[in-house]
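Take a look at the fold and its charged pairs. The report below goes through helices, strands, salt bridges and backbone angles in turn.

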Amino acid sequence: MPENLGCVLVAVDGSEESMNALNWALDNVKLRPDGSLVTIHVQSPPSIAVGLNPGSIPFGGPSDVEVPAFTAAIEAHQRRITDAIITHAMKICADKNAEVKTQILIGDPKEKICESVEELHADLLVMGCRSFGPIKRMFLGSKLEVQ
């Protein structure tokens, strides 16, 4: 692994695979003295949560009415999940005495991660892998290709 990396971005989503990727990065990546390791978590946009209003549930009421309390509860739940993920990632970093920056973004993960790589001029992006077998890959496809 080159020792001249200035910025390494590690995407975490709470899965075991993403936390293993963070561990791998902490154990194997060598940064320049002025380099930084950044963990990023992308939270689902509120518009997805808003689309799941009680009106769409049978007998829940008219489907065109949004329930503000329901929307607020979903957003609060998303924040709690994000906090738990970041807390877990920071504990992994603290256990290895690593200084890490954190970014929390809202939106489509593939778009936001790519935007962050460009904005931070990241030299390396580290992500976990779900390890689809050949049958699942055939039906679901593989979005990641090593280049």
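How many residues does helix α4 have, and how far does it reach from its first C-alpha to its last? Helix α4 covers residues 109-120, which is 12 residues. Its reach is 16 Å, close to the 16 Å expected at 1.5 Å a residue. Note that this is a predicted model.

**Strands**

Strand β1 (residues 5-11) pairs with strand β2 (residues 31-43). The sense is parallel, over 6 bridges. One position to inspect is Cys7, whose bridge partner in β2 is Ser36. Together, β1, α1 and β2 form a β-α-β unit, and the unit is right-handed.

Strand β2 also runs parallel to β3, joined to it by 7 bridges. Here Val38 stands opposite Lys101 in β3. In general, side chains in a regular strand alternate between the two faces of the sheet.

**Salt bridges**

The count of salt bridges comes to 4. Among them are the three pairs tabulated here.

| Pair | Closest N to O distance | Relative accessible area |
|---|---|---|
| Lys96 and Asp27 | 2.7 Å | Lys96 33%, Asp27 45% |
| Asp95 and Lys91 | 3.0 Å | Asp95 54%, Lys91 48% |
| Glu115 and Lys112 | 3.5 Å | Glu115 34%, Lys112 24% |

Start with Lys96 and Asp27, whose side chains meet at 2.7 Å, N to O. This pair links distant parts of the chain, 69 residues apart. Lys96 sits in the loop between α3 (68-95) and β3 (100-106), while Asp27 belongs to helix α1 (residues 16-28). Lys96 counts as partly exposed because its relative accessibility is 33%. Asp27 is partly exposed too, at 45%.

Asp95 and Lys91 are both in helix α3. They are 4 residues apart, about one turn of the helix. Their salt bridge has an N to O distance of 3.0 Å. Is Asp95 buried or exposed? Its relative accessibility is 54%, so Asp95 counts as exposed. Lys91, at 48%, is partly exposed.

The remaining tabulated pair is in helix α4. Glu115 and Lys112 form a salt bridge, with the closest N and O atoms 3.5 Å apart. Why are they about one helical turn apart? Because they are 3 residues apart in helix α4. An α-helix has 3.6 residues a turn, so residues three or four places apart point the same way. Side chains of opposite charge can pair when their charged atoms come close. Both residues are partly exposed, Glu115 at 34% and Lys112 at 24%.

**Positive phi angles**

Which residue follows α4? It is His121, with a positive phi near 55 degrees. His121 is not a glycine. It lies in the loop between α4 and β4 (124-126). With a relative accessible area of 65%, His121 is exposed.

Asn97 also has a positive phi, of about 50 degrees, although it is not a glycine. Where is Asn97 found? Asn97 is in the loop between α3 and β3, and Lys96 of the salt bridge with Asp27 lies in that loop as well. Asn97 is exposed, because its relative accessible area is 74%.

Technical notes. Residues are numbered from 1 along each chain as its sequence is written. This is a predicted model: local features need pLDDT of at least 70, side-chain atom pairs count only at pLDDT 80 or more; totals for chains, interfaces and linings use all residues. Side-chain values use heavy atoms; hydrogens and water are left out. Helices (H or I, at least four residues) and strands (E, at least two) are DSSP runs, numbered from the N terminus. The expected span of a helix is 1.5 Å times one less than its number of residues. Buried means under 20% relative accessible area, exposed over 50%, partly exposed in between (1.4 Å probe, protein chains only). Two strands pair if DSSP finds at least two bridges between them. A crossover is right-handed if, with the strands pointing away from the viewer, the path from the first strand over the helix to the second runs clockwise.
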